[in-house]
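Thanks for coming. I have a few minutes on one structure, so please have the sequence and the model open.

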Amino acid sequence: MLNTRFLTGAPVWVDMCAPDLADVSGFYRDLFGWELEPGGADVGGYSRFQLSGRTAAGAMAMPAEEAAPSWTLYFRTPDVDATVKAVEQAGGGALFEPVDIRDLGRMAGLTDSSGVPFSVWQQGELKGLDVVNEPGSLVWTELYTADVPRAAAFYGSVFGWGTSETPFPGGSYTMVHPADGTEDDMFGGMVPLASDPSEAGEGAYWLPYFQVADCDEAVARARRGGGTVRMEPISMQGVGRFAKLADPAGARFAVLQPSPPGEEMEG
């Protein structure tokens, strides 16, 4: 699962954009206990969601005509500029060129070979999120794609990710880990769009999962807060109970109540 070792190629940050952060901050406060910490002019108004004083995610107000409300994952790189070149050589592209964020680090916005947006982060004073893998924080990631082998080849070329196949009801599940990582550093999976009815008609995208103590309660809170339930809660042995949601602005994410430690996945 996710951790704060922040190996090269691992997720280090996640943020969302919406036209009006005030419209969504209450939703996430009720759902995850996050408090929005507004950013100053020196960071362009970039804000952070705080969980008990620790940064769990970032947020930025963006007009709808500039960017659809969405969540974006950031992956660690020791050299943003070299990663941009690797992305372009592998068939991806740049949404914006590398930029320094004060002394915090250096970043770029990119797309993979299928056009899926993601970002990369070269750490400076900021290594990454303060908290992961506990209630109210990022716990897993999934790439929904029309072509898993193509996606695995792209990210393997750019980041050196390793993959492994895990038995799953009805087939297998492709999990990914950093080049220098072990099974303990698995941070996500790749899912064929055609295999998931909840993704019918959707294009490829990265989906962040946030941990919750009670999936059904979280879904009920999301409904009361004006969110959308894209997939009702389901349980899977060895994984847990999870559901797919969207916030009131339309940004997609998922929630996961992990299985107790030691419970094996169904084959």
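**Ser-137, two positive phi values, cysteines and a cavity**

I start with Ser-137: leaving out residues up to four places away in sequence, this serine touches Val-131, Val-132, Tyr-209, Phe-210 and Gln-211. Bear in mind that this is a predicted model.

Where does Ser-137 lie? Ser-137 is in the loop that runs between strand E8, residues 117–123, and strand E9, residues 138–145. Is Ser-137 buried or exposed? Its relative accessible area is 0%, and buried means under 20%, so Ser-137 counts as buried. The side chain of Ser-137 also has a polar partner: one of its polar atoms is 2.6 Å from the backbone oxygen of Glu-134.

Staying in that loop, the next residue is Asn-133, also between E8 and E9. Asn-133 is not a glycine, yet its phi is positive, at about 65°. With a relative accessible area of 31%, Asn-133 is partly exposed, because that value falls between the 20% limit for buried and the 50% limit for exposed.

Arg-102 is another non-glycine residue with a positive phi, here near 50°. Arg-102 sits in the loop between strand E6, residues 93–101, and strand E7, residues 105–111. Its relative accessibility is 48%, so Arg-102 is classed as partly exposed; exposed would need over 50%.

Now the cysteines. How many disulfides does the structure hold? The count is zero. Two cysteines to look at are Cys-17 and Cys-215. Cys-17 has a relative accessibility of 11%, which is under 20%, and therefore counts as buried. Cys-215 is at 0% relative accessibility, so Cys-215 is buried by that cut-off too.

Last, the empty space. Rolling a probe the size of a water molecule over the atoms shows where such space is left. For this model, the count is one cavity of 30 Å³ or more. The largest cavity holds about 60 Å³ of space.

Which residues line the largest cavity? From the start of the chain numbering there are Met-1, Leu-2, Asn-3, Phe-6, Leu-7, Ala-10 and Pro-11, and further along Pro-178, Asp-185 and Phe-187. By class, the lining divides into eight nonpolar residues, one polar and one charged.

To go back over the loops: Ser-137 is buried at 0%, while Asn-133 is partly exposed at 31%. Both are placed between E8 and E9. That is what I have.

Technical notes
Residues numbered from 1 in each chain as written. Predicted model: local features only at pLDDT ≥ 70, side-chain atom pairs only at ≥ 80, totals over all residues. Heavy atoms only, no water. Disulfide = S-S within 2.5 Å. Buried < 20%, exposed > 50% of the residue type's maximum accessible area, 1.4 Å probe, protein only. 1 Å grid on protein atoms, 1.4 Å probe; cavity = no way out; pocket = protein on both sides within 12 Å on 5 of 7 lines; lining within 4 Å. Points joined across faces, edges and corners; volume = space filled by probe spheres on them. Nonpolar A, V, L, I, M, F, W, Y, C, P; charged D, E, K, R; others polar. Helix = DSSP H or I, 4+ residues; strand = E, 2+ residues; numbered from the N terminus. Polar contact = N/O pair within 3.5 Å; in protein donor to acceptor, adjacent residues only side chain to side chain. Contact = heavy atoms within 4.5 Å.
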